[in-house]
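Student: I have a structure open and would like a close look at one part of it. Could you walk me through that part and then place it in its surroundings?

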Amino acid sequence: MINKTKNPILSFFVKVFSFILILAISDIILGNILSRLFFMQTDGAYFRTTYSIQNTSQEILIFGSSRATYHYNPQIIEKAFNSSCYNVGKNASTILYQYAILKSVLKRYTPKSIILDLNIGEFEYLESDYEKLSSLLPYYYTNPELKDVINLRSKFEKYKVLSNVYLYNSTLYSILRENEFLNGNKKEDINGFLPLSIKYNYPIDTLNIKPKQHIDSTKLHFFENFIKDCKKRGISLYLVISPYYRIIIGQDKSVSIINEFSQRYNIPFFNLSQESTFYDNNLYKDPLHLNVNGAEIFTKRICDLIIYNK
């Protein structure tokens with residue numbers, strides 16, 4: 001009688017292959033479900049990012065971090081310039097994110113004007129700023145112009161994104177919270193502007209600039225590209241540092257760099273970080289962010305500065 005005992009090595013490889021195949025199929029199915037739910041969001045930060053990347057058509061765009069999101073009211077800008085306006089600012093974002101959004105916008109159309117709100121310490125190197133680029137992962141394949149920026153997260157990023165589920169790892173909470181299909185919890189914003197109603201009830205504090213600052217050459221490169229791309233497309237660009245409820249002591253290298261680039265490329269730069277008009281706690285939610293009353297005064301101030309410098 002012939003011995004039909006299975007080859008143990010062959011059996012092992014069959015099991016491994018079957019396991020990998022099941023994982024791959026599961027990844028594709030779950031990834032497609034997460035993708036559909038992600039792009040069905042009707043509110044929240046990811047919804048505004050999707051709109052910024054894929055749907056903006058306004059003549060004036062506001063770029064920046066949370067300080068842009070909370071400080072610039074597009075309705076006031078629209079009235080001042082008789083032009084449509086949208087605020088594409090995003091919490092905890094840097095020039096890395098801003099330039100990625102700009103690339104997607106310019107792939108579709110050319111705005112007339114852009115206001116880029118920058119921060120004290122904007123160009124300092126922070127490893128966490130690269131980790132935060134995970135917010136762009138869901139757009140890796142839908143918007144391939146973002147790949148070069150997203151790949152800055154790590155040298156292995158271009159391999160990690162082969163997993164469909166990986167693209168949405170950091171979005172699960174948002175999908176559950178901000179999806180109208182799942183919970184109907186839709187909040188209104190004003191063309192990307194999120195008004196803050198809280199009033200800050202503490203005295204002004206002090207920010208001491210570090211004497212040694214590690215400037216990130218990649219951020220500088222993207223900042224210069226942001227300026228060059230706007231110049232190339234004939235976009236009127238305005239650089240702004242909006243108010244802080246802080247007394248800033250020392251010389252910030254980032255501010256010096258912004259001023260240098262402003263002069264080199266003949267771009268208006270409005271540094272209102274220490275303007276005494278805004279040394280009023282009634283205008284703030286916290287030392288970094290204006291409340292809705294402060295945002296109204298500040299937005300009107302910026303409009304006046306732009307009109308005066310035209």
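Tutor: Happily; what follows starts at one helix and works outward from there.

A word on the basis: this is a predicted model, in which local features need pLDDT of at least 70 and side-chain atom pairs count only at pLDDT 80 or more, while totals for chains, interfaces and linings use all residues. Residues are numbered from 1 along each chain as its sequence is written, and side-chain values use heavy atoms, with hydrogens and water left out.

Let's take helix 11, residues 253-264. Helices here are DSSP runs of H or I with at least four residues, strands are runs of E with at least two, and both are numbered from the N terminus. At 1.5 Å a residue, the 12 residues of helix 11 should span 16 Å, and its end C-alpha atoms are indeed 16 Å apart. The expected span is 1.5 Å times one less than the number of residues.

Now look at what helix 11 hides: S254, V255, I257, I258, F261 and S262 are buried. Buried means under 20% relative accessible area, exposed means over 50%, and partly exposed lies in between (1.4 Å probe, protein chains only). Seen down the axis of helix 11, these buried residues fall within an arc of 160°, so they line one face of the helix. The arc is that of the directions from the helix axis to the C-beta atoms. Packed against those buried residues are helix 10 (217-232), strand 5 and strand 7. Just after helix 11 comes N266, with a positive phi near 55°.

Strand 5 gives us a good residue to follow, I241. I241 is buried, with a relative accessible area of 0%. Leaving out residues up to four places away in sequence, I241 touches V255 and I258, and also R67, D117, L118, I120, F269, F270, N271, L272 and S273; contact means heavy atoms within 4.5 Å. I241 and I120 are 121 residues apart in sequence, yet their C-alpha atoms are 7.6 Å apart in space.

Strand 5 (236-241) and strand 7 (269-271) turn up again around helix 12, where they are among the elements covering its buried residues. Others in that cover include helix 3 (66-71), helix 4 (74-81), strand 3 (113-117) and strand 9 (289-290). The buried residues of helix 12 are G294, A295, F298, T299, I302, C303, L305 and I306. Viewed down the axis of helix 12, they fall within an arc of 165°, so here too they line one face of the helix. Helix 12 (residues 292-309) has 18 residues that should span 26 Å at 1.5 Å a residue, and the end C-alpha atoms are 26 Å apart, which agrees.

From helix 4 you can step into the loop that leads to strand 2 (85-87), where N82 sits. N82 has a phi near 55°, a positive value in a residue other than glycine. For context, most residues other than glycine have a negative phi. N82 is exposed, with a relative accessible area of 72%.

Finally, zoom out. The protein has 12 helices and nine strands, and 50% of its 310 residues count as buried. Among contacts between residues at least 6 apart in sequence, 81% join residues at least 24 apart.
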